[in-house]
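User: I've got a model open here and would like to go through it with you. Could we take it one question at a time?

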Amino acid sequence: MTSQLPAVDYIQRTRDQYDALGYAPYRWVENIGAPPWAAMTKPLSECRVALIGSGGIYTPGQVGYHFKDDDSFRVIDSQTKEADLRIVHFAYDMADARRDPNVVFPLGPLRDLAERGVICGLGSNSYAFMGGIYSSRRVKDRLAPALADRVVSDEVDLVLLVPV
Amino acid sequence: MTSAESITRSVGAPRAAFLDFPLGHTAGKANERDEQRAILTAALNLFATLETPGEIVRLPFEWSEDETWKVVSASEEAEEESGETKDDRTERRDAPQYQSSADRTRAEEALASGGCPTCVFFDG
């Protein structure tokens, strides 16, 4: 079974929605030119992986997210049980993510893959924030460099980004 | 990983796995652990196989044979026709929001007794 309908063009959909609401057009980040590239230097089975998710994940005891350009992030122990992952976000239907956080923050299946030898393991820390940050400057100048520093000091080989 | 191919193409990720699922399911369906593992294995394998910066590979998984989720819903179209489109996103507030009031209580207690060392905030 292959898909009959094309992928949803969320840029166009948002453009139409903003237009209908009478808002000024939303300006998506558009980076021109080839993205940065780091070559793989060893097999996947020898790689330690870091998970970074933007689905609004936190754990009990941590501060939640606010809905006005919150560019903060949470450090999540990669061994955290799924039952201790919480979700809060203003812009997507969280019902399934709250039933099973792995759909937006797949720590469980990634631990399975480490056990099965597909990857060498997870970094000790994973990272979460809440997307829908309307200031791309804050993401580019503060959040992204801070997360990059973290995963470099965690000495992981790969970073899996799971946006929502 | 991405469920919004057009946005990922615009931003330009070095390597991307496109999963054509509704938003809120970037890494699979709830409680479908076997498929979640298959999706993640397929996505991670791209680290080893992709060689062109910016390439986006569609993963071979389908949400459902019923693809009505891809179509703007009839009610949204009706809204547009009547000129009464509503912004259905949650109001944007700058106080922290929680999944439950128990979580709020725990976080406030933690903040009162030394803060949250695993919460990283930027000034200003």
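User: Which residues are linked in a network of salt bridges?

Analyst: Keep in mind that this is a predicted model. One link in the network is B:Arg33 with A:Glu82, whose closest N and O atoms are 3.0 Å apart. Another is A:Asp112 with B:Arg37, at 2.5 Å. The full network is A:Glu82, A:Arg111, A:Asp112, B:Arg33, B:Asp34 and B:Arg37.

User: Where do B:Arg33 and A:Glu82 sit, and are they buried or exposed?

Analyst: This pair crosses between chains, with B:Arg33 in helix α2 of chain B and A:Glu82 in the loop between β3 and β4 (86-87) of chain A. B:Arg33 has 29% relative accessibility, and A:Glu82 has 21%. Buried would need under 20% and exposed over 50%, so B:Arg33 comes out as partly exposed, and A:Glu82 too is partly exposed.

User: What about A:Asp112 and B:Arg37, buried or exposed?

Analyst: Here again the pair crosses between chains: A:Asp112 is in helix α3 (residues 107-115) of chain A, and B:Arg37 is in helix α2 of chain B. Their closest N and O atoms are 2.5 Å apart. As for cover, A:Asp112 and B:Arg37 are both buried.

User: How many salt bridges are there between chain A and chain B?

Analyst: A search of the whole structure gives 15 salt bridges over all chains. Some of these stay inside one chain, including A:Asp157 with A:Lys42. Between chain A and chain B, the count is 4.

User: Let's look at that A:Asp157 and A:Lys42 pair. How many residues apart are they?

Analyst: The closest N and O atoms of A:Asp157 and A:Lys42 are 3.1 Å apart. A:Asp157 is partly exposed at 33%, and A:Lys42 is partly exposed at 32%. A:Asp157 is in the loop between α4 (136-153) and β7 (158-162), while A:Lys42 is in the loop between α1 (10-21) and β1 (48-53), so in sequence the salt bridge spans 115 residues.

User: How much area do chain A and chain B bury between them?

Analyst: Start with the contacts: 82 residues of chain A touch 78 residues of chain B. Of the area buried between the two chains, 60% is on carbon and sulfur atoms. The total comes to about 6800 Å².

User: What kind of aromatic pair do A:Tyr58 and B:Tyr98 make?

Analyst: The structure holds 10 aromatic pairs over all chains. In this one, the ring centres are 5.7 Å apart and the planes stand at 90°. Planes over 60 degrees apart count as edge-to-face, so the A:Tyr58 and B:Tyr98 pair is edge-to-face.

User: Why does that pair join two chains, and are its rings buried or exposed?

Analyst: A:Tyr58 lies in strand β2 of chain A and B:Tyr98 in the loop between α3 (74-82) and α4 (101-112) of chain B, so the pair joins two chains. A:Tyr58 has a relative accessible area of 0%, and B:Tyr98 has 12%. With the cut-off for buried at under 20%, A:Tyr58 is buried, and B:Tyr98 is likewise buried.

User: Which residue of chain B has its charged end over the ring of B:Trp63?

Analyst: Chain A has a charge over a ring too, with A:Arg74 over the face of A:Tyr65 at 4.5 Å from the ring centre. For B:Trp63, the distance from the ring centre is 5.9 Å. The residue above that ring is B:Lys29.

User: A:Asp69 and B:Asn31 both have a positive phi. Which is buried and which is exposed?

Analyst: Most residues other than glycine have a negative phi. A:Asp69 has a phi of about 55° and is in the loop between β2 (57-58) and β3 (73-77) of chain A, whereas B:Asn31 has a phi of about 60° and is in the loop between β1 (15-18) and α2 (33-49) of chain B. At 19%, A:Asp69 falls under the 20% cut-off and is buried. At 53%, the exposed residue is B:Asn31.

User: To finish, what pattern does chain B follow along the sequence?

Analyst: Chain B has 4 helices and 3 strands. Buried residues make up 39% of its 124 residues. Read along the sequence, the pattern is α-β-α-β-α-α-β.

Definitions and conventions. Residues numbered from 1 in each chain as written. Chains lettered and ligands numbered in written order. Predicted model: local features only at pLDDT ≥ 70, side-chain atom pairs only at ≥ 80, totals over all residues. Heavy atoms only, no water. Buried < 20%, exposed > 50% of the residue type's maximum accessible area, 1.4 Å probe, protein only. Phe/Tyr/Trp six-rings, centres within 6.5 Å; stacked < 30°, edge-to-face > 60°. Lys NZ or Arg CZ within 6 Å of the ring centre and 35° of its normal. Contact = heavy atoms within 4.5 Å. Buried area = accessible area lost by both parts, 1.4 Å probe. Salt bridge = Lys/Arg side-chain N within 4 Å of Asp/Glu carboxyl O.
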